[in-house]
Structures are given as C-alpha cells and as structure tokens.
Amino acid sequence: MKQSERSPLGLYTIGIAALFLAGFFLLVVFGAGSYRGTVAGQNDNMQSRALLSYLSTTVKGYDARGAVAISAGAEGSVLTLLDGESGYALRVYLKDGALVEDYAPVEAPLRPEEGQIIGRTAVFTAERTKADLLTLTTDAGQVLLRLRSGGEAA
C-alpha cells in the first residue's frame with residue numbers, strides 16, 4: 001500500500017491567504033476610522049462657517065438706510081435689523097451659549113424663548129468700526145461687512 005505524503009505547501013498557501021485577508025481587514029478598519037475623522041472635521045468647519053455666512057447674508061438682506069442698529073444686551077451685543085416701515089425688526093443676540101434671532105416689534109423686550117436658535121457660540125459681538133463698516137464676531141471668527149446703505153444709524 002502506498003501512503004500519501006502530506007505537503008506543507010497547502011498550509012503555507014492558507015497561511016499567506018489568511019495574512020493578506022487580515023491585512024486587508026486592518027486596512028479597511030483604519031481607513032474607515034481615518035475617513036470618519038476627516039468628515040467630522042469637515043462638518044465642524046462647515047458648521048462654524050455657516051453661522052458667519054448666515055449672519056452676513058441676513059445683514060445684507062436687511063441693509064437699507066437706517067435699518068441696521070446695534071445695542072447692548074444682557075450677554076453682549078444685540079444686532080437689530082429693521083424691517084422697513086412695518087415697525088418690526090429681526091434681532092440677533094446671544095442667550096445661554098446660543099445665537100438667537102427673533103422677529104418682533106422694534107420696542108418689544110427680547111424674548112429668547114420665542115426666538116429661533118441659529119447656532120451655538122460663546123461669543124457674539126457686533127460693532128461699527130466706521131459709519132459704513134460692521135464687524136460681527138463669533139467663536140468661528142470674524143466677518144467684516146460694508147453696509148451698502150452707508151450705515152446711517154436708525
């Protein structure tokens with residue numbers, strides 16, 4: 001009778017295939033973690049820039065002669081954007097770490113509970129550096145706006 005000899009070649013082949021498979025899985029796991037971190041950083045960056053972009057667009061939309069006013073609030077600046085002759089205004093201010101906007105009569109007290117949260121920030125300041133220049137500052141940075149109306153105060 002003949003005895004078949006077992007060749008170690010089959011075990012080597014299985015071992016090398018398992019090594020490549022393990023390397024592939026590690027590459028996928030580390031690549032997915034790296035991708036997740038990159039996307040999270042990109043989303044944080046977009047969120048922080050979105051707040052400044054929103055403020056910039058809103059101010060430009062309300063920019064008219066005498067429509068942009070700044071006053072002091074409990075936690076910082078209150079940016080008031082008058083809505084034409086209606087007697088109403090959009091007011092943007094900081095309340096409990098959130099930037100809030102509300103739409104109410106110009107002389108009405110601030111009501112953050114009725115307002116809309118536009119973003120999270122610990123800092124919000126609005127100031128005029130010149131008659132027609134408005135500087136808005138949040139945690140995300142600073143935006144400098146030139147008021148087309150010339151910036152006459154209300």
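What radius of gyration does the protein chain have, and what would a compact globule of 154 residues have? I began with this in the predicted model, and I found 29 Å for the protein chain, where a compact globule of 154 residues would have a value near 15 Å. I then looked up the extent of the C-alpha trace, which along the principal axes of the protein chain spans about 110 × 30 × 25 Å.

Next I went through the secondary structure. I noted one helix and eight strands in the protein chain, and I read their order from the N terminus on as α-β-β-β-β-β-β-β-β.

For contacts I considered pairs of residues at least 6 apart in sequence, and I recorded that 35% of these contacts in the protein chain join residues at least 24 apart.

I turned to the surface after that. Of the 154 residues of the protein chain, 29% count as buried, while the chain exposes about 10500 Å², of which carbon and sulfur atoms supply 59%. On charge, I listed 14 positive and 16 negative side chains in the protein chain, and I noted that the centres of the two sets lie 11 Å apart.

Last, I picked a single residue. T135 sits in strand β7, which covers residues 133–138. Is T135 buried or exposed? Its relative accessible area is 4%, and because buried means under 20%, I entered T135 as buried. Leaving aside residues up to four places away in sequence, I found that T135 touches T125, A126, E127 and T129, and also Q142, V143 and L144.

Definitions and conventions: Residues numbered from 1 in each chain as written. Predicted model: local features only at pLDDT ≥ 70, side-chain atom pairs only at ≥ 80, totals over all residues. Heavy atoms only, no water. Helix = DSSP H or I, 4+ residues; strand = E, 2+ residues; numbered from the N terminus. Rg over C-alpha atoms; globule rule 2.2 N^0.38 Å. Buried < 20%, exposed > 50% of the residue type's maximum accessible area, 1.4 Å probe, protein only. Contact = heavy atoms within 4.5 Å. Areas by Shrake-Rupley, 256 points an atom, 1.4 Å probe, with all protein chains shown as cover. Lys, Arg positive; Asp, Glu negative; His and termini not counted. Charge placed at Lys NZ, Arg CZ, Asp CG, Glu CD.
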